[in-house]
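Good morning, colleagues, and thank you for the time. I should like to take you through one structure, beginning with its surface.

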Amino acid sequence: MRFVDAAEIRKVLTFPLLIDAIEAAHRRPRIAVLDGSLGSEREFYLARSAVDRGR
């Protein structure tokens with residue numbers, strides 16, 4: 001496993017690059033989220049899954 005420290009991240013990731021990536025992510029179609037549940041009134045479990053098709 002490779003450890004990447006803050007200094008190395010700052011060399012590669014600039015704010016303009018980060019903003020462009022966030023804007024591009026918000027323009028993508030919404031991700032389909034599916035919820036499943038199991039349990040009773042006392043104990044309840046929720047399983048959430050998401051699929052980002054085309055990636």
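**A walk around the chain**

On the surface there is a nonpolar patch formed by V4, I9, V12, L13, F15, L17, L18, I19 and I22, whose accessible area together is about 810 Å². Please bear in mind throughout that this is a predicted model.

Where does the patch come from? Helices α1 (6-12) and α2 (15-27) each supply at least two of its residues. The most comes from α2, which gives 5 residues. One of the patch members, F15, is found in helix α2. Is F15 buried or exposed? Its relative accessibility is 64%, and since the cut-off for exposed is over 50%, F15 counts as exposed.

Let me now turn to the chain as a whole. It contains 2 helices and 2 strands, and along the sequence they follow the pattern α-α-β-β. The radius of gyration is 19 Å, whereas a compact globule of 55 residues would have one near 10 Å. Taken along the principal axes, the C-alpha atoms fill a box of roughly 50 × 30 × 20 Å. How much of the chain is buried? Buried residues make up 0% of the 55 residues. The accessible surface comes to about 5800 Å², and 59% of that belongs to carbon and sulfur atoms.

The strands are the next topic. Strand β1 (residues 32-39) and strand β2 (residues 44-51) run antiparallel and are joined by 8 bridges. The connection between β1 and β2 is a hairpin of 4 residues. To give one pairing, the bridge partner of G36 is A47 in β2. Strand β1 is hardly covered, as the count of buried residues among its 8 residues is 0. As general background, side chains in a regular strand alternate between the two faces of the sheet.

What does V51, in strand β2, touch beyond its sequence neighbours? Leaving aside those within four places in sequence, V51 is in contact with I31 and A32. From C-alpha to C-alpha, V51 and A32 are 5.6 Å apart in space, although 19 residues separate them in sequence. V51 itself counts as partly exposed, because its relative accessibility is 34%.

I come finally to the charged pairs. How many salt bridges does the structure hold? There are 3 salt bridges.

One of them brings together the side chains of R2 and E8, at 2.2 Å from N to O. R2 counts as exposed, at 62% relative accessibility, while E8 is partly exposed, with a relative accessible area of 26%.

In another, the side chains of D52 and R28 meet at 3.0 Å, N to O. Because D52 lies in the segment after β2 and R28 in the loop between α2 and β1, this pair ties together parts that are 24 residues apart in sequence. D52 counts as partly exposed at 23% relative accessibility, and R28 is partly exposed as well, with a relative accessible area of 31%.

There is also a salt bridge between R48 and D35, whose closest N and O atoms are 2.7 Å apart. This pair links distant parts of the chain, with R48 in strand β2 and D35 in strand β1, 13 residues apart. R48 is exposed, with a relative accessible area of 60%, whereas D35 counts as partly exposed at 48% relative accessibility.

That concludes my presentation. Thank you for your attention.

Note on methods. Residues numbered from 1 in each chain as written. Predicted model: local features only at pLDDT ≥ 70, side-chain atom pairs only at ≥ 80, totals over all residues. Heavy atoms only, no water. Buried < 20%, exposed > 50% of the residue type's maximum accessible area, 1.4 Å probe, protein only. Pairing = 2+ DSSP bridges. Patch = residues over 30% accessible without salt bridge, like charges linked within 9 Å, V, L, I, M, F, W, Y side chains within 5 Å. Areas by Shrake-Rupley, 256 points an atom, 1.4 Å probe, with all protein chains shown as cover. Salt bridge = Lys/Arg side-chain N within 4 Å of Asp/Glu carboxyl O. Rg over C-alpha atoms; globule rule 2.2 N^0.38 Å. Contact = heavy atoms within 4.5 Å.
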